[in-house]
Amino acid sequence: MLRATLLDRQARRESSARTYARTLPVAPAKAAGAVVTGVDGRTYLDCLSGAGTLALGHNHPEVVAALQSTLGSGALLHSLDMITPQKDTFSTELLHRLPGDLRDDARLHFCSPAGTDAVEAALKLARQTTGRRGVVAFTGAYHGMTLGAASVSGPEGMRAGGPADSQAVTRLPYPYGYRCPFGVGAEQAGVLSARLLEHLITDPSSGVDKPAAVILEVVQGEGGVVEGPDAWLREVRRITAAHGVLLIIDEVQTGIGRTGHFWACERAGVTPDVLVTSKAVGGGLPLALIAYRADLDTWQPGAHTGTFRGNTLAMVAGEITLRTVAEQQLTERAEKLGERLRQGLRELAAEYPVFGEVRGRGLMIGVELVDPDGAPDRLGSLPPHPALAKALRAACLDHGLILELGGRDDSVLRLLPPLILSDIEADSVLARIADALRDTEHAA
């Protein structure tokens with residue numbers, strides 16, 4: 001009864017733009033690890049974990065203890081961009097964990113709480129530093145909802161034909177293997193996509209001015225858990241470096257161990273000029289920042305500012321998260337457990353042809369839902385099945401499993417469990433998906 005009352009009251013009070021509240025009608029009361037308990041006493045396994053924010057799960061004991069200690073210490077909870085002992089400790093830990101050369105030579109800029117503002121900062125920095133306006137982005141991308149971030153994102157609904165479409169953005173095909181824009185598969189698509197990038201930059205008649213930056217996700221999250229090939233990423237890095245174009249890598253969802261590496265770009269041995277991070281970097285609390293090469297630090301004081309950059313509690317939680325992920329080897333854990341989950345899902349795919357493709361890295365997993373009776377494309381890929389995806393998400397919730405959709409037509413089932421998910425919980429996730437599949441099959 002309380003759950004229904006809360007949901008009804010929320011529907012009357014909050015905007016129509018709310019999303020998770022519509023698709024996941026749960027009223028959470030408490031949580032621990034990967035388990036969420038609703039106000040009605042019902043428990044759920046959480047394979048959304050704050051859209052990838054909760055690397056250590058809900059209410060990790062060490063994080064909670066540190067937050068309680070900070071709250072009782074008299075420390076500033078809000079410090080603008082002034083230095084505090086907590087900020088210094090966090091910065092030291094983060095700099096130590098950055099990829100490649102950034103680890104030895106980086107500047108940090110703390111942004112307002114959301115990842116979208118860090119994307120805005122990265123774009124602004126690239127334009128300020130290079131004196132150029134254009135940006136190259138990729139189809140299927142999701143970088144945030146503010147004007148600049150939306151302009152470099154893919155979904156039409158984010159831009160809605162408004163001011164975001166007026167930005168100087170050139171889009172290139174992302175090497176999406178299952179729904180390949182070139183019809184040749186991911187590896188060859190990566191070759192062609194990179195070749196097209198270099199052609200646009202070097203051909204004086206391409207109609208595209210030399211850009212300030214290229215922005216990309218190594219694994220597209222909201223885009224449907226689509227991973228770019230390592231060779232493609234290395235080639236993009238070579239091209240951007242050769243032609244004085246900054247490479248911005250958005251690690252908002254992929255960072256802090258999610259993909260089986262501390263940063264997704266590390267598997268290909270690529271270091272960006274600007275790294276964007278948020279979500280897990282704040283240990284579950286709001287925090288967003290960019291890390292970039294020191295020689296790019298051409299900003300004047302106040303060039304990119306914001307009131308809520310000095311979130312002491314987020315830095316406390318973030319430092320513990322960064323350290324715990326590294327010291328407890330949770331990146332390796334994510335790789336091993338992710339493969340276990342993908343293997344289980346592939347076994348289900350052998351029984352249920354509606355699973356068109358199981359993919360992902362680490363504990364960032366996607367299952368493309370397809371219509372097995374539909375006409376395949378030239379690569380044999382079947383058309384998406386958004387109605388089934390929605391039904392399966394609802395059936396999973398009925399079986400006590402929280403997960404979400406993404407990708408084209410919201411037809412990709414997405415799993416983003418916390419990195420501390422146990423083997424027993426992983427097996428339970430697979431069992432609940434199997435039960436949900438049987439329910440949707442019988443209901444069809």
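Two strands are taken to pair if DSSP finds at least two bridges between them. On this basis, the predicted model contains an open sheet of four strands in the order β13-β14-β17-β16, with antiparallel pairing. The edge positions are held by β13 (355–361) and β16 (404–406), each of which pairs on one side only, and neighbouring strands of this sheet are turned by 30° against each other on average, direction being ignored. Between β16 and strand β17 (residues 412–415) the antiparallel pairing extends over three bridges, and Leu-405 stands opposite Leu-413 in β17. Helix α13 (residues 386–398) lies across β13, β14 (364–369), β16 and β17, and runs at about 160° to β16.

An open sheet of seven strands has mixed pairing and follows the order β4-β12-β11-β10-β7-β5-β6. Because β4 (106–110) and β6 (169–172) stand at the edges with a single partner strand each, one side of each is left without a neighbour in the sheet. The twist from one strand to the next averages 20°. At the β6 edge, strand β5 (residues 135–138) is joined to β6 by four bridges, the two strands running parallel, with Phe-138 placed opposite Leu-172 in β6. Two helices that contact strands of this sheet may be described in turn. Helix α5 (residues 85–97) packs on the sheet, where α5 touches β4 and β12 (289–293), and its direction makes about 135° with that of β4. Helix α6 (residues 115–130), in turn, lies across β5, β7 (213–216), β10 (246–250), β11 (274–277) and β12, running at about 165° to β11.

Within the seven-stranded sheet, strand β10 pairs with β7 in the parallel sense over four bridges, and Ala-213 stands opposite Leu-246 in β10. Three bridges join β10 to β11, again with the strands running parallel, and the bridge partner of Ile-248 in β11 is Val-274. In a regular strand the side chains alternate between the two faces of the sheet. Both faces of β10 are covered, since Leu-246, Ile-248 and Asp-250 on one side and Leu-247 and Ile-249 on the other are all buried. With five of its five residues buried, β10 is therefore largely enclosed by the rest of the structure.

Antiparallel pairing is also found among strands β1, β2 and β3. Strand β1 (residues 28–32) and strand β2 (residues 35–38) pair in the antiparallel sense over four bridges, and Pro-28 stands opposite Gly-38 in β2. The hairpin of β1 and β2 has two residues between the strands, and Gly-33 in this hairpin takes a positive phi near 60°. Strand β2 is further joined by three bridges to strand β3 (residues 43–46), the two running antiparallel, and the partner of Val-35 in β3 is Leu-45. The hairpin formed by β2 and β3 has four residues between the strands, with Gly-41 in the turn showing a positive phi of about 90°.

As for packing between helices, the axes of helix α9 (residues 186–202) and helix α10 (residues 230–242) come within 9 Å and cross at roughly 10°, and α9 and α10 are therefore roughly parallel to each other. The contact is made by Glu-187, Gly-190, Ser-193, Ala-194, Leu-197, Glu-198 and Ile-201 of α9 together with Ala-231, Trp-232, Glu-235, Val-236, Arg-238 and Ile-239 of α10. These contact residues divide into seven nonpolar, two polar and four charged. Elsewhere, Thr-70 lies in helix α4 (residues 61–71) and is buried, with a relative accessible area of 9%. When residues up to four places away in sequence are not counted, Thr-70 touches Ala-75, Thr-312, Leu-313 and Val-316.

With a disulfide taken as a pair of cysteine sulfur atoms within 2.5 Å, the count comes to zero disulfides. The cysteine sulfur closest to that of Cys-111 belongs to Cys-265 and is 18 Å away, too far for a bond, and Cys-111 counts as buried at 2% relative accessibility. For Cys-396, the closest cysteine sulfur is that of Cys-47, at 9.0 Å, which is likewise too far for a bond, and Cys-396 is buried, with a relative accessible area of 0%.

Terms used: Residues numbered from 1 in each chain as written. Predicted model: local features only at pLDDT ≥ 70, side-chain atom pairs only at ≥ 80, totals over all residues. Heavy atoms only, no water. Axes fitted to C-alpha atoms, helices over the stretch in contact; angles between N-to-C directions. Parallel < 35°, antiparallel > 145°, perpendicular 65-115°, else oblique. Contact = heavy atoms within 4.5 Å. Nonpolar A, V, L, I, M, F, W, Y, C, P; charged D, E, K, R; others polar. Buried < 20%, exposed > 50% of the residue type's maximum accessible area, 1.4 Å probe, protein only.
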